[in-house]
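Visitor: I would like to learn how to read a structure like this one, beginning with its overall build and ending with its aromatic rings. Could you take me through it?

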Amino acid sequence: MSDGLIRCNWRGMAGDPLYEAYHDQEWGVPERDPAALWEKLVLDGFQAGLAWITILRKREAFRAAFAGFDPEAVARFGEADRARLLADAGIVRSAAKIDAAISSARIFLDMREAGVNFADFLWDFTGGRPIQTFSERLQDVPAETPLSREISAALRARGFRFVGPVIVYAFMQAVGMVNDHLVSCHRHASVLEMGG
């Protein structure tokens with residue numbers, strides 16, 4: 001790497017400032033804000049079948065299109081908003097994923113109305129603490145786990161879509177529910193410390 005830092009060897013990351021910044025500053029950092037967790041779950045749903053860098057490059061366009069990922073605003077989206085989103089070249093224009101995002105905002109609010117904090121709901125699966133892993137090679141990191149299958153089933157039971165076990169595991173990695181930075185990566189130790 002040009003900056004001399006050892007990172008997880010994700011395909012296409014080396015030398016990409018946006019991708020490296022995401023890896024170094026966000027990925028694996030424990031996220032506890034309910035709305036931020038919802039945003040990341042929606043974005044991971046849009047990633048299905050695509051590379052994460054595609055979504056990362058479109059993230060600001062997604063934020064603009066989805067009212068800054070304000071669940072209350074997105075929950076009110078109607079047919080005109082759906083048509084606007086389907087015509088927005090800045091985002092992934094999948095009707096199924098757009099519908100799932102709007103629906104998930106309504107589920108998020110329903111949960112909150114019922115006294116269920118989205119962050120607590122998710123973090124309860126890990127006992128409130130990040131799962132620490134110590135993989136030495138990228139190929140040792142799983143695509144899904146029994147826990148991601150359990151969380152996927154729980155989300156589906158509440159009506160969320162595009163939350164299969166692989167998507168959920170990628171989400172868990174992104175929001176720090178699991179620390180999957182490789183042990184050789186300069187972020188592994190600092191993210192480990194964040195887990196308390």
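Visitor: How many helices and strands does the secondary structure of the protein come to?

Guide: Helices (H or I, at least four residues) and strands (E, at least two) are DSSP runs, numbered from the N terminus. By that reading the protein has 10 helices and 2 strands, arranged along the sequence as α-α-α-α-α-α-α-β-α-α-β-α. This is a predicted model, in which local features need pLDDT of at least 70 and side-chain atom pairs count only at pLDDT 80 or more, whereas totals for chains, interfaces and linings use all residues. Residues are numbered from 1 along each chain as its sequence is written, and side-chain values use heavy atoms, with hydrogens and water left out.

Visitor: How should a pair of aromatic rings be described?

Guide: A ring pair is described by the distance of the centres and the angle of the planes. Rings of Phe, Tyr and Trp (its six-membered ring) pair if their centres lie within 6.5 Å, and planes under 30 degrees apart count as stacked, over 60 as edge-to-face and the rest as tilted. The structure holds 14 such pairs; one of them, Phe 118 with Phe 121, is stacked, at 6.4 Å centre to centre and 20 degrees between the planes.

Visitor: Where do Phe 118 and Phe 121 lie, and are they buried or exposed?

Guide: Both lie in helix H7 (residues 118-123), 3 residues apart, about one turn of the helix, and both are buried (under 20% relative accessible area, 1.4 Å probe, protein chains only). Ring pairs also link Phe 118 and Phe 121 into a cluster whose members include Trp 38, Phe 46 and Phe 160.

Conventions:
Buried means under 20% relative accessible area, exposed over 50%, partly exposed in between (1.4 Å probe, protein chains only).
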